Amino acid sequence: MENQPSIRINLRQSVPASCNLNRMNISYNWLKEYLQFDLSPQETADALTSIGLETGSVEEIQTVKGGMEGLVIGEVLTCAPHPNSDHLHLTTVDIGNGEEPLKIVCGAPNVAAGQKVVVAAIGAKLYFGDDEITIKRSKIRGEESFGMICAEDEIGAGASHDGIIVLPENAKAGTPAKEYYNVTSDYLLEVDITPNRIDAASHFGVARDLAAWLNQAGKPYKLTKPSVEEFSVDIREGGIEVIVENRNACPRYSGLTIRGVTVKESPGWLKSKLLLIGLRPINNIVDITNFVLHETGHPMHAFDAARITGNEVTVRAMPEKTKFVTLDEEERELSENDLMICNSEKGMCIAGVFGGLESGVTEKTTDIFLESAYFNPTWVRKTARRHGLNTDSSFRFERGADPANTVYVLKRAAMLVKELAGGKIEGEIRDIYPVPIERARVNLSYDKINRLIGKEIPEETVKNILNSLEIEIENETDGELTLRIPTYRVDVTRGVDVIEDVLRIYGYNNVAVSDSLKANLSSQMPADRKQKLQTLISEQLTANGFNEILNNSLTKKGYYEPLETYPASRCVPLLNPLSNDLNVMRQTLLFGGLESIAYNRNHKHGDLRFYEFGNCYFFDAEKKNTENVLAPYSEEFHIGLWICGKRTHKNWATAGEQSSVFELKAHVENILKRMGINGNQAFFEAGQNELFSVAMNVKTHKRSIGSFGIVSPEIGKKFDIDTEVFFAEMNWDLLMKESEKQPVRFSEIARFPAVSRDLALLVDKETTFAQIRQIALKSEKKLLRQVSLFDVYEGKNLPESKKSYAVNFLLQDEEKTLNDKQIDNVMLSIRKNLESELGAQLR
């Protein structure tokens, strides 16, 4: 592995847009190093999903973008100065195809005859970030060039652009570059890890679970855990001592000293593995700890041994308000309840959470101390929340690492260090484990298994599944099992937990659905009016092509910090947030919907219509000093609508059409009508809101009940959304109140005809149709049934400050036919009021 050429992977290619600590990136090829099986990547994803490890996507990844297609090893036969340039060279290059050498103009300062180089022939594609360049025949300073001699960064084999790549003499001309650099394809499986399944937060953990499924499915497989049998200590005496003062916070601590290591760049195979799953390589020592973490699921830490004064590591808490600088160069104030890894003088690392700036491994490091420990999950979780940190290490320790795995992990890492960095192991492994953590003991009967699952599963099948899950059957008597649970399964402590494991491996789909239906009384209770109306509107929106979404009420405070409409000061904060991305309660449904839109667009679903019902939460500092502690807090129930992409796609019958804000407006109007809120009670009015580039307020005569418009492009950019998004949000509680005011009335079909009249009005540009409509309805309350706008004109033959509205008025009397005199009187009244209040004139 050491002699393989180094490969650099384009991170933009290899890391999915939606990546967080609850989602594991699992390499298909890496997985197969521990588990031999015959499933395709998609079949593997389906199998994992069926056993509770939901796999969201399967993405093909290449170690180098483009796979080095069209690139070939060549030999520079001649190299002469360019006659029309003082820095260019004219070269001839043999690319081993048996044809005439290629004439290539090269600007690299290090090009020379006799070199073996990488050549991009005509038609080859090179990638620079997101840009793709196709090599073409060209003329440079009057000389033709039929290709390009490449530098490292131009083919993705490194970061250097100082000159062209010069390969060893034994490189053979004509060899495809992808073969020389061992460019391979892999598949990235995006596995969602639920909080209870921390045992699956690694490649071996996933392989172990998949092996249980393969066993039950009767498919061939072989699970192999990397061996550490060849581990040996080079120097028996010496090594750094370990003292654990707080054994409640640190039940087990294992450490090992290695002297004489060489810190350098990691080999290509190691860098490739880390980059594929979205980690940035740093150096061989740090990369090994990250590799072992994602292989076994157990966090490690490497210290520069020269920084461990007193030749001893002490695990203890520091005095309250002690200053400590972490790896991100931020000075933090420690609590007396923060567990620290210390030398004889000061802290070096926040245990299980984050390393210190001064004790980390650097290029100058020659001796290291490897740490593999089991920290109390509660201590780690509280410390991480206290400092607003959420790291790969804390993510695992908070949920429960495997206390039985520390020494194995230490040996595995030490063997890799000796292989990749040299050095000698000094002293025996220090393993402080005074009170071993026992495996959980669970009692369970076959009868209970069958009763809860709803199907009788053969006893041998149950035993086979338990064995494949490494759950030991300690004793069996009269249908009762006494089981011992592996220490890495921290979530399995009761009989029902074991039954759940048996069922997921047996297969949920293998349990037939019963013909009988069992329900409690509450399910038969009539829904209240609010629920009925919510269901009514949901059905209406769904019928119009919308999909309902449900987003987390927790969100990021940073979304609100630049806003005035929803200021950050009004956010309800969490005392112990899970992360900085989930540290406040939402004030608006907008941002959750934008996250959903971004996720779908990243998965090639661009034409979207979403709606959501949900609570929004507010804090009012002015009410904080009242006797009622809840007074500053309030919540509202809202409805949100999002539209983006195309309204219709191009086909033989219609042309494609983009969605627009007018489409959203129609849906808002339909919601109001469906709830019995007619145009006399609610209207739209132009507004200003930093969430929107164009905004309209939805109002009644007494208050605003919502708004809609085009989401501001600046906000869209924060979510990497580069298309227009149309958003509406209304206060459902206020809509309910308005709906209650509108009793449903029956009326016969009118026996007398309606009369239509049009007015062409010249008004100021600032005048809105809503103003005209409101004045008209106020002018005639009995006979005027409807006011509608059917044309707007601005431009030629009109003053610059004016525009023309063509408005239709519909009049009707329920008791008799209107005569001309009545109609003229009504229209005259409307005209006069429009003239006096808006300065409107007839054209």
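Trainee: By class, how many nonpolar, polar and charged residues are in the lining of the second largest cavity?

Mentor: Keep in mind that this is a predicted model. The second largest cavity has a volume of about 40 Å³, and its lining is made up of Leu-339, Ala-351, Val-353, Trp-379, Val-380 and Thr-383. Sort those by class and you get five nonpolar, one polar and no charged residues.

Trainee: Which helix gives the largest share of the lining of the second largest cavity?

Mentor: Look through the lining residues, which include Trp-379, Val-380 and Thr-383. The largest share is three residues, and the element they come from spans residues 377-386, namely helix H9.

Trainee: Okay, how many cavities of 30 Å³ or more does a search of the whole structure find, and what volume has the largest?

Mentor: Searching the whole structure with that cut-off turns up three cavities. For the largest cavity, the volume comes to about 70 Å³.

Trainee: What classes do the residues of the lining of the largest cavity divide into?

Mentor: Start with who is there: Arg-197, Asp-199, Gly-205, Arg-208, Asp-209, Ala-212, Ser-468, Leu-469, Glu-470, Tyr-488 and Arg-489. Helix H6 (residues 203-217) supplies the largest share, four residues. Split by class, the lining has three nonpolar, two polar and six charged residues.

Trainee: Moving to strands: why is strand S16 largely enclosed by the rest of the structure?

Mentor: Strand S16 covers residues 252-259, and a residue counts as buried at under 20% relative accessible area. S16 is largely enclosed because the number of its eight residues that are buried is seven.

Trainee: Which strands pair with S16, and in what sense?

Mentor: One partner is strand S24 (residues 367-374), joined to S16 over eight bridges; there, Leu-256 has Leu-370 as its bridge partner. Another is strand S25 (residues 424-432), joined to S16 by six bridges, with Tyr-253 standing opposite Ile-432. So far as sense goes, S16 pairs with S24 and with S25 antiparallel.

Trainee: Is Asn-551 buried or exposed?

Mentor: Asn-551 sits in the loop between strand S29 (547-548) and strand S30 (554-555). Leaving out residues up to four places away in sequence, Asn-551 touches Arg-586, Gly-592, Gly-593, Ser-596 and Glu-612. Its relative accessible area is 17%, and the cut-off is under 20%, so Asn-551 is buried.

Trainee: Which side chain does a polar contact of 3.0 Å join to that of Asn-551?

Mentor: The candidate is among the residues that Asn-551 touches, a list including Arg-586 and Glu-612. The polar contact of 3.0 Å runs from the side chain of Asn-551 to that of Ser-596.

Trainee: In the open sheet S41-S42-S40-S43, which are the edge strands?

Mentor: Four strands make up this sheet, with antiparallel pairing. An edge strand here pairs on one side only, and that picks out strand S41 (784-793) and strand S43 (841-842).

Trainee: What is the bridge partner of Ser-788 in S42?

Mentor: S41 and strand S42 (residues 802-811) pair antiparallel over eight bridges. Within that pairing, the bridge partner of Ser-788 is Asn-808.

Trainee: And in the sheet S15-S18-S21-S22-S23, in what sense do S15 and S18 pair?

Mentor: This one is an open sheet of five strands with mixed pairing, and its edge strands are S15 (241-244) and S23 (354-355). Val-244 stands opposite Val-315 in S18. Over four bridges, S15 and strand S18 (residues 312-317) pair in a sense that is parallel.

Note on methods
Residues numbered from 1 in each chain as written. Predicted model: local features only at pLDDT ≥ 70, side-chain atom pairs only at ≥ 80, totals over all residues. Heavy atoms only, no water. Buried < 20%, exposed > 50% of the residue type's maximum accessible area, 1.4 Å probe, protein only. Helix = DSSP H or I, 4+ residues; strand = E, 2+ residues; numbered from the N terminus. Pairing = 2+ DSSP bridges. Polar contact = N/O pair within 3.5 Å; in protein donor to acceptor, adjacent residues only side chain to side chain. Contact = heavy atoms within 4.5 Å. 1 Å grid on protein atoms, 1.4 Å probe; cavity = no way out; pocket = protein on both sides within 12 Å on 5 of 7 lines; lining within 4 Å. Points joined across faces, edges and corners; volume = space filled by probe spheres on them. Nonpolar A, V, L, I, M, F, W, Y, C, P; charged D, E, K, R; others polar.
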